[in-house]
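User: Please take a close look at the charged cluster here and then follow the chain from that spot into the helix packing around it. I'd like one connected walk-through rather than a list.

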Amino acid sequence: MSLLKNVKNTHDRSTAKSLLERRTIRPKLYPAAKFDASPINIIDEDYDFSLDLSYIAIVEKEPFCGTKNESAIAHMNELSTMSGLFSNDIKMRTYFVAKIFPFSLKGEAKTWFNNLPPGSIDSPDCLISTFFRNIFHRVLDMLFCRNFLI
């Protein structure tokens with residue numbers, strides 16, 4: 001903003017400031033949800049961090065596939081435990097889980113996630129509730145079919 005010191009009148013100064021602000025990269029870091037293919041669209045400066053690739057490698061070794069032999073609760077507990085290694089701050093831990101979550105899925109679970117509408121997840125709580133609604137909905141369907149067939 002040292003360029004603004006050389007501008008003499010207030011009108012020119014505000015015009016120059018406006019031009020400088022429009023040339024910054026910050027607005028370009030947040031794409032509009034309608035152009036983003038990811039279901040996760042959390043808009044918060046604290047969510048703007050990169051994951052260490054080692055975390056991604058860990059969750060990709062034992063992904064959640066959405067099979068009937070897997071526990072969705074155990075999967076989310078594992079991600080939550082891993083978030084404790086990332087940060088002690090509760091907000092950052094929930095953001096970590098939201099950030100790592102897509103990498104922890106494979107098979108049917110990954111297909112389900114990729115088919116969510118772009119930008120439909122706007123918070124970690126929304127992600128978790130959407131995930132559990134999908135998983136438990138499928139479990140209830142399986143139980144209903146099994147009871148119906150018996």
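**The salt-bridge corner and the helix behind it**

Analyst: Start with D46, which has a relative accessibility of 36% and so counts as partly exposed, since that band runs between 20% and 50%. Keep in mind that this is a predicted model. The partner of D46 is K91, and the closest N and O atoms of this salt bridge are 2.9 Å apart. D46 sits in the loop between α1 and α2 while K91 belongs to helix α4, so the bridge joins distant parts of the chain, 45 residues apart.

K91 has another partner too. Its side chain also meets that of D44 in a salt bridge, with an N to O distance of 3.0 Å. D44 comes from the loop that runs between α1 (10-22) and α2 (53-61), and K91 from α4 (residues 90-100), so this pair ties together parts 47 residues apart in sequence. As for solvent, D44 is partly exposed at 21% relative accessible area; that value sits just above the 20% under which a residue would count as buried. K91 is partly exposed as well, at 35%. The count of salt bridges comes to 2. As for the general idea, side chains of opposite charge can pair when their charged atoms come close.

Now move along α4 from K91 to F96, which is found in that helix. F96 has 0% relative accessibility, so it counts as buried. Leaving aside neighbours within four places in sequence, F96 is in contact with F49, L51, Y55, L79, M82, S83 and F86. Take F49 from that set: it is 47 residues from F96 in sequence, yet their C-alpha atoms are 9.1 Å apart.

Several of those partners lead to α3. The axes of α3 and α4 are 9 Å apart and the helices pack at about 125°, an angle that makes the two oblique to each other. Their crossing is right-handed. On the α3 side, M76, L79, S80, M82, S83, G84 and F86 take part, and they meet M92, R93, F96, V97 and I100 of α4. Sorted by class, that contact has 8 nonpolar, 3 polar and 1 charged residues.

One of the partners of F96, Y55, brings in α2. Here α2 packs against helix α3 (residues 72-86) at about 165°, with axes 12 Å apart. Because that angle is over 145°, α2 counts as roughly antiparallel to α3. This crossing, too, is right-handed. Y55, I58 and V59 from α2 meet L79, M82, L85 and F86 from α3, and the residues of this contact divide into 7 nonpolar, no polar and no charged. L79, M82 and F86 appear on the α3 side of both helix contacts, and F96 touches these three as well as Y55.

For the wider frame, the protein has 6 helices and 0 strands, and reads α-α-α-α-α-α along the sequence. Buried residues make up 31% of the 150 residues. Among contacts between residues at least 6 apart in sequence, 64% join residues at least 24 apart. The D44–K91 bridge, with its separation of 47 residues, is one example of a link between parts far apart in sequence.

How values were computed. Residues numbered from 1 in each chain as written. Predicted model: local features only at pLDDT ≥ 70, side-chain atom pairs only at ≥ 80, totals over all residues. Heavy atoms only, no water. Salt bridge = Lys/Arg side-chain N within 4 Å of Asp/Glu carboxyl O. Helix = DSSP H or I, 4+ residues; strand = E, 2+ residues; numbered from the N terminus. Buried < 20%, exposed > 50% of the residue type's maximum accessible area, 1.4 Å probe, protein only. Axes fitted to C-alpha atoms, helices over the stretch in contact; angles between N-to-C directions. Parallel < 35°, antiparallel > 145°, perpendicular 65-115°, else oblique. Left-handed = near helix turned anticlockwise from the far one by under 90°. Contact = heavy atoms within 4.5 Å. Nonpolar A, V, L, I, M, F, W, Y, C, P; charged D, E, K, R; others polar.
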